[in-house]
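Here are my notes on this model, point by point. Please read them with the structure open.

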Amino acid sequence: LPRTGLARFAGPGPRTGRVPVGIGGRRQRIVVTGGAGFVGSHLVDKLIARGDDVIVIDNFFTGRKENLVHLFGNPRFELIRHDVVEPILLEVDQIYHLACPASPVHYKYNPVKTIKTNVMGTLNMLGLAKRIGARFLLTSTSEVYGDPLEHPQKETYWGNVNPIGERSCYDEGKRTAETLAMDYHRGAGVEVRIARIFNTYGPRMCLDDGRVVSNFVAQAIRKQPLTVYGDGKQTRSFQYVSDLVNGLVALMESEHVGPFNLGNPGEFTMLELAQVVKETIDSSATIEYKPNTADDPHMRKPDISKAKELLNWEPKIPLREGLPLMVNDFRNRILNEDEGKGM
Ligand code: NAD
Ligand code: UDP
Ligand code: UDP
């Protein structure tokens, strides 16, 4: 008998033979919370292409229908406007839980809402997973390592997080979400998977979400100076979105709980990133220094040996190849924005 939930409720799905049918030939029903957002919409595309039925739950706080509009009318796709802080009843095989603003500007906008989303939202999705016997994947974050005292960061590192700072609603929220996932796993036997995602970029990022890659790319296209915060010597490691999506699916389909770091170990200072953006978009772009934000982590780089060994996964697209892949999308949206303003 199939181990996962759906068969118990609805029996095996229809087999037309015309579409690819999910993993191992069985078509699955999958929920993606936050599926109208940047990462979620790319994940949904992959699952639909694989032949699965996908239900997106999103409250459109930072997500956009435009990210999914190409799927409207597809009978295997469904979009529900819903806030994960409220309970919901569904019958599915797998839950990818992404709902949560990811940009510091967005998550600091209403910090209490951010922590409610992380805690109550994750609790509801775990309660759902428990009731229907679905497998549950949490998109946690490298922010659980805080301003790390270990470099690069391994999954065994417990982190250096300020519990009362401006970033805590997100960092501590995700740490609690991981705790909840492990407690549902140990206490209720829910099959959980935990991914710790490092900085990810690509098409469909919000234009003005304040993250460094989207800021620099939009600024270079708009012929504005690139805003470097602080001295620009802080580092991040940037992963292209398709690599992340492949990692999330590999983790969900694996037999390993995790946590797993999913990130690209290629590490750059913000000044080096600005240089790559200049080379890619506009060599005449200038730099403007601005004060840094509170509690900004000084460095971040994943140790991905665990994911390499157990998931057989590693990122394929270095920054210099990935950046050009988002420029057309950004150019088109900035152009539409300008036309909308009558410019
Ligand atoms: P995003 O802001 O583009 O997407 C988040 C989505 O969640 C949006 O569609 C938003 O409307 C939805 N959402 C937010 N609160 C909700 C709520 N209460 N109920 C229902 N929907 C809600 O961000 P993203 O970059 O796509 O990130 C997706 C996930 O990956 C997040 O959980 C984030 O913490 C995690 N993550 C992302 C990165 C990254 O670099 N992109 C890094 C680490 C972790
Ligand atoms: N929940 C949900 N959908 C379900 C099952 C549970 O949204 O199909 C929510 C439920 O409302 C609760 C949370 O998940 O707030 C945790 O559920 P659980 O059954 O684990 O705990 P309890 O309801 O006993 O507190
Ligand atoms: N940053 C920057 N210029 C910007 C936006 C961000 O120099 O316009 C810096 C920021 O201070 C941080 C790094 O870029 O050190 C990454 O910031 P982001 O918000 O993208 O992600 P996170 O801090 O969550 O890793």
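1. P152 sits in the loop that links β5 and α5. The peptide bond leading into P152 from H151 is cis, with omega near -10°. Please look at that bond in this predicted model.

2. There is another cis bond to check. G258 and P259 are joined by a cis peptide bond, and omega is about 5° there. P259 belongs to the loop between α7 (241–253) and β11.

3. One backbone angle also deserves a look. D295 has phi near 60°, which is positive although the residue is not glycine. D295 lies in the loop running between β13 (287–290) and α9 (305–311).

4. Now the sheet. Seven strands form an open sheet with parallel pairing, in the order β3-β2-β1-β4-β5-β6-β11. β3 (77–81) and β11 (260–262) are at the edges; each has a single partner strand, so one side of each has no neighbour in the sheet. From one strand to the next, the twist averages 20°.

5. Which strand pairs with β2 over five bridges? The partner is β3, and the pairing is parallel. Within this pairing, I57 has I80 of β3 as its bridge partner. As a reminder, strands of a sheet pair through backbone hydrogen bonds.

6. Helices pack on this sheet. α4 touches β1 (29–33), β4 (94–97) and β5, and its direction makes about 170° with that of β4. Helix α5, residues 168–188, lies across β5 and β6 (192–197). The angle of α5 to β5 is about 155°.

7. Ligand 1 has 30 residues around it, and the nearest are G34, G37, V39, T62 and G63. Four elements give two or more residues to this shell: α2 (38–50), β2 (53–58), α4 (111–132) and β5 (135–141). Which of the elements gives the most? It is α2, with three residues. By class, the ligand 1 shell has 14 nonpolar, 14 polar and two charged residues.

8. Ligand 2 is surrounded by P87, I88, L89, L123, N124, G127, L128, K130 and R131. The shell around ligand 2 splits into five nonpolar, two polar and two charged residues.

9. Ligand 3 has 15 residues around it. R211, V212, N215, T227 and Y229 are the closest. α6 (212–221) and β8 (226–229) each supply at least two residues of this shell. β8 gives the most, with three residues. The class count for ligand 3 is five nonpolar, seven polar and three charged residues.

10. A record can be set beside the model. UniProt, in an unreviewed entry, places the feature "domain: NAD(P)-binding" at residues 32–324. Over residues 32–324 the chain is 37% helix and 17% strand. The end C-alpha atoms of that stretch are 27 Å apart.

11. Last, confidence. The protein chain has a mean pLDDT of 92, and 92% of its residues reach 70 or more. Where is the pLDDT below 50? Residues 1–19 are the stretch in question. In the model, residues 1–19 have 26 contacts beyond near neighbours in sequence. Please keep the pLDDT below 50 in mind when reading those contacts. The scores for the model are ipTM 0.97 and pTM 0.93.

Note on methods: Residues are numbered from 1 along each chain as its sequence is written. Chains are lettered from A and ligands numbered from 1 in the order in which they are written. This is a predicted model: local features need pLDDT of at least 70, side-chain atom pairs count only at pLDDT 80 or more; totals for chains, interfaces and linings use all residues. A residue is near a molecule or strand if its C-beta atom, placed from the backbone, lies within 6 Å of it. Ala, Val, Leu, Ile, Met, Phe, Trp, Tyr, Cys and Pro count as nonpolar, Asp, Glu, Lys and Arg as charged, and the others, Gly among them, as polar. Two strands pair if DSSP finds at least two bridges between them. Axes are lines fitted to C-alpha atoms, for helices over the stretch in contact, and angles run from 0 to 180 degrees between N-to-C directions. Two residues are in contact if their C-beta atoms, placed from the backbone, lie within 7 Å. pLDDT is the predictor's confidence in each residue, from 0 to 100. UniProt positions are given in the numbering used here, feature names are shortened, and annotations may be inferred rather than shown by experiment.
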